[in-house]
Amino acid sequence: MEKGKITFTMIKPTAFKNNYTGDILKMIYQKKFRIIALKMMQLTKDQAAAFYIEHKERPFYAELCEFMSSGPIIAAILKKENAVRDYRQFIGSTNPIEAEKGTIRSVFGSSVEQNAVHGSDSDDSAMRESSFFFSDLEIFSNF
Ligand code: DAT
Ligand code: MG
């Protein structure tokens with residue numbers, strides 16, 4: 001994996017449950033991101049807590065871990081120049097109500113918590129989050 005060219009995303013439980021996975025992946029491809037790793041799984045509450053450890057002091061942390069472990073999710077590593085910046089722009093603001101029209105969160109998000117997708121906030125986060133979910137054998141770096 002090349003730092004600076006990848007980002008990590010998750011399709012969150014509500015979006016998955018609503019069968020938005022196909023539409024979201026299609027939008028990702030249309031924006032010229034390449035998927036270099038992909039899986040479906042359900043996090044335990046402890047795994048969600050470890051993934052979101054940076055938020056452990058926030059008032060919504062317990063609820064967030066509860067929600068993120070409440071059902072299956074899709075995890076993926078996306079490759080593109082400036083992947084982190086471009087993907088954050090493409091998913092829109094954390095709160096779907098504030099997200100720009102046409103962004104993934106504005107189209108598929110239902111609330112600030114259930115905002116359809118995760119997107120890494122920095123290159124360091126992208127590397128950490130990708131390694132959290134995927135082993136080297138599951139990552140097609142040259143794809
Ligand atoms: P982002 O996902 O845009 O990077 P974040 O890192 O600040 O946002 O927060 C992580 C997730 O936590 C976010 O996607 C949804 C949830 N969250 C953030 N702020 C919240 C709030 N005020 N109430 C409930 N959930 C919140
Ligand atoms: Mg974040």
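What follows is a working chat about ligand 1 and the pocket around it in a predicted model.

Biologist: Where does ligand 1 sit?
Modeller: In the largest pocket. Keep in mind that this is a predicted model.

Biologist: Which residues are around ligand 1?
Modeller: Lys12, His55, Arg58, Phe60, Leu64, Arg88, Thr94, Arg105, Val112, Glu113 and Asn115.

Biologist: How does that shell divide by class?
Modeller: Three of its residues are nonpolar, three are polar and five are charged.

Biologist: What lies 2.8 Å from an oxygen atom of ligand 1?
Modeller: A polar side-chain atom of Arg88. Arg105 also has a polar side-chain atom by a ligand oxygen, at 2.9 Å. For Asn115, a side-chain N or O atom is 3.0 Å from an oxygen atom of ligand 1.

Biologist: And how much of ligand 1 does the protein bury?
Modeller: The protein buries 78% of the 520 Å² that ligand 1 exposes when taken alone.

Biologist: Switching to the pocket. How much space lies in the largest one?
Modeller: About 410 Å³.

Biologist: How many residues line the largest pocket?
Modeller: The lining has 18 residues.

Biologist: Which of those lie nearest the centre?
Modeller: Lys12, His55, Phe60, Thr94 and Asn115. Those names also appear in the list of residues around ligand 1.

Biologist: What about the classes in the lining of the largest pocket?
Modeller: Eight residues of that lining are charged, six are polar and four are nonpolar.

Biologist: Back to Asn115, then. What is its place in all this?
Modeller: Asn115 is among the lining residues nearest the centre of the largest pocket, and its side chain has an N or O atom 3.0 Å from a ligand oxygen.

Methods:
Residues numbered from 1 in each chain as written. Chains lettered and ligands numbered in written order. Predicted model: local features only at pLDDT ≥ 70, side-chain atom pairs only at ≥ 80, totals over all residues. Heavy atoms only, no water. Near = heavy atom within 4 Å. Polar contact = N/O pair within 3.5 Å; in protein donor to acceptor, adjacent residues only side chain to side chain. Areas by Shrake-Rupley, 256 points an atom, 1.4 Å probe, with all protein chains shown as cover. 1 Å grid on protein atoms, 1.4 Å probe; cavity = no way out; pocket = protein on both sides within 12 Å on 5 of 7 lines; lining within 4 Å. Sits in = over half its atoms within 2 Å of the grid points. Nonpolar A, V, L, I, M, F, W, Y, C, P; charged D, E, K, R; others polar. Points joined across faces, edges and corners; volume = space filled by probe spheres on them.
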